Amino acid sequence: MESLGALAGGIAHDFNNMLTGIMANLSLLSARSGGGENADIIRDTLEAARSAQLLTTHLLAFSKGGKPVKKEFSMEKSLADIFTLATRGTKAAHDLRLSEGLWSVEGDEGQIKQSINNLLVNALQAMPSGGTLTLAAENTELTAGGAVLPPGKYVRVTVADTGIGIPKDYLARVFEPYFTTKTQGHGLGLSMTWSVVKNHGGHVEASSEPGKGTQFEVLLPATGRNIKPETARDREIVKGAGRILMLEDEHIVIRAARRMISELGYECEVTEDGAETLKRYDAEAAAGRPFTAVIMDLTIPGGMGGKEAGAELRRRHPEAVIIVSSGYSDEPVMADFKSFGFDAVLPKPYRYEDLAETLSRLARK
Ligand SMILES: Nc1ncnc2c1ncn2[C@@H]1O[C@H](COP(=O)(O)OP(=O)(O)O)[C@@H](O)[C@H]1O
Ligand SMILES: [Mg+2]
């Protein structure tokens, strides 16, 4: 079982490198294209790549230790975002009810969005001839004596549909991996939701009345604070200037990153081994022209990887701006990058706008 976990983790990692090549290039094309039919083609392809990314998230969630990358995020914004995406172009009526001042959650935003999205997708699939999809969320405090979870602050998310419902015999089985009643189903959506929610210290349960509809309720530990969601302005592409040093051995990633970095106005230099990265940084710093930022991949087979090189670079050059990147989003370094000496984390696959956002944020520092 442990080697199965390692295998799943390894596949997810390789996949994420390939997806970086695909999504980075496509998002760059999309930023350049002026709309029209080509923009639609790119959008559809990106969509397919995103589905592939979800599959790797599934793999990682199942693989041993699948530690989420935890960061405080606005639940309000995440839920509104996935609801808009999920309901686009559907026939069912939909109702989004987020209570005022919804608490933020500390967790892996990508995983949590994905796990709620699985519930929305199922709900819509359960209403082939229309109905009403509701996504509701509210703050709640659990007190001692409640059965399933320790007392504390939680966000309660409810996804309800007026669809076909789940027969009583099946209700207990829907969270099992590979349980599906659909000809085209994989039976992995709910088991992923279940493991992500569990990994975040939460709880999920289903109730249903066949023929009337189904309701899924998710409880997630919350911070007790409401944070302002990112504004749209923050997602605008901000260009910069300077030189970026990369540590990366995957050629598809190197080529895609080079293009994106130069499109953003920076020069890019690539090293394929951590020892080489350190040597280049030392030389340029000694010549009085240190790099603006360094992006380091964690795993360099047969060479010094980003974890070791990053720690050493931080020791030699406390002022360096260092970003850690990896397709192993479950690596402890990724979840806890600051204590390993990094300034930011860029999980693979990343898109043009993700790279732009990270670089411009660090430049403001
Ligand atoms: N909202 C829902 N309404 C009716 N049945 C549902 C709903 N959500 C889940 N199910 C049942 O649970 C099963 C497992 O769901 P899931 O793990 O997402 O896999 P899949 O959607 O690929 O079948 C579904 O096949 C379906 O039988
Ligand atoms: Mg599903």
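In which helix is the place of threonine 193? Select this residue in the predicted model and the viewer should highlight helix H6, which spans residues 189-199. The tour returns to this helix after a survey of the whole chain.

**The domains**

Colour the protein chain by domain assignment. Domain 1 covers 2-62, domain 2 covers 75-221 and domain 3 covers 232-364. A distance drawn between the C-alpha centres of domain 2 and domain 3 comes to 36 Å.

**Domain 1: leucine 46**

Begin with helix H2, residues 36-62, and select leucine 46 within it. Leucine 46 has a relative accessible area of 8% and is therefore classed as buried, the limit being under 20%. Once neighbours within four places in sequence are set aside, its contacts are Met23, Leu26 and Ser27. For a sense of scale, add phenylalanine 216, which is 170 residues from leucine 46 along the chain; the two C-alpha atoms are 29 Å apart.

**Helix H3: serine 78 and alanine 80**

Proceed to helix H3, residues 75-87, where serine 78 is placed. Alanine 80 belongs to helix H3 as well.

Are these two residues buried or exposed, or do they fall in between? Serine 78 is buried, at a relative accessible area of 2%. Alanine 80, by contrast, is partly exposed at 24%.

Display the surroundings of each residue in turn, ignoring positions up to four places away in sequence. Serine 78 touches Phe73, Glu109 and Lys113. Alanine 80 is in contact with Leu96 and Leu98.

Two C-alpha distances can be added here. Serine 78 and serine 104 are 26 residues apart along the chain and 9.9 Å apart in space. Alanine 80 and leucine 135 are separated by 55 residues in sequence and by 9.1 Å from C-alpha to C-alpha.

**Helix H6 and its flanks**

Return now to helix H6 and show its buried residues: Leu190, Ser191, Met192, Thr193, Ser195, Val196 and Val197. Threonine 193 has a relative accessibility of 1%, and so counts as buried. Beyond its neighbours within four places in sequence, threonine 193 is in contact with Ser115, Asn118 and Leu119.

Next, inspect the backbone on either side of the helix. In the loop between helix H5 (168-171) and H6, select tyrosine 178. Its phi is near 70 degrees, a positive value in a residue other than glycine. Tyrosine 178 is also exposed, with a relative accessible area of 63%. After H6 comes glycine 201, which has a positive phi near 75 degrees.

**Ligand 1**

Select ligand 1 and display the residues around it. How many residues surround ligand 1, and which are the closest? There are 19, the closest being Asn122, Thr180, Thr181, Lys182 and Leu190. One of these, Leu190, is also among the buried residues of H6.

Which secondary-structure elements each supply at least two residues of this shell? They are helix H4 (109-125), H6 and strand S7 (213-221). By residue type, the shell holds 8 nonpolar, 9 polar and 2 charged residues.

Three polar approaches to the ligand may then be examined:

- Asparagine 122: a side-chain N or O atom is 2.8 Å from an oxygen atom of ligand 1.
- Threonine 180: a side-chain N or O atom is 2.6 Å from an oxygen atom of ligand 1.
- Threonine 214: a polar side-chain atom is 3.5 Å from a nitrogen atom of ligand 1.

Taken alone, ligand 1 exposes 530 Å², of which the protein buries 93%.

**Domain 3: aspartate 297 and a cis peptide bond**

Finally, move to strand S10, residues 293-297, and select aspartate 297. Aspartate 297 counts as buried at 1% relative accessibility. Leaving aside neighbours within four places in sequence, its contacts are Leu247, Glu248, Asp249, Gly305, Gly306, Ser325, Ser326 and Lys348.

Lysine 348, one of those contacts, leads to the last stop. The peptide bond from lysine 348 to proline 349 is cis, with omega near 0 degrees. Proline 349 itself is in the loop that joins strand S12 (344-347) and helix H11 (352-364).

Technical notes. Residues are numbered from 1 along each chain as its sequence is written. Chains are lettered from A and ligands numbered from 1 in the order in which they are written. This is a predicted model: local features need pLDDT of at least 70, side-chain atom pairs count only at pLDDT 80 or more; totals for chains, interfaces and linings use all residues. Side-chain values use heavy atoms; hydrogens and water are left out. Domain bounds come from an automatic or database domain assignment. Helices (H or I, at least four residues) and strands (E, at least two) are DSSP runs, numbered from the N terminus. Buried means under 20% relative accessible area, exposed over 50%, partly exposed in between (1.4 Å probe, protein chains only). Contact means heavy atoms within 4.5 Å. A residue is near a molecule or strand if one of its heavy atoms lies within 4 Å of it. A polar contact is a pair of N or O atoms within 3.5 Å; within protein, one must be able to donate a hydrogen and the other to accept it, and residues adjacent in sequence count only if both atoms are side-chain atoms. Accessible areas come from the Shrake-Rupley method with a 1.4 Å probe; for residues, only the protein chains shown count as cover. Ala, Val, Leu, Ile, Met, Phe, Trp, Tyr, Cys and Pro count as nonpolar, Asp, Glu, Lys and Arg as charged, and the others, Gly among them, as polar.
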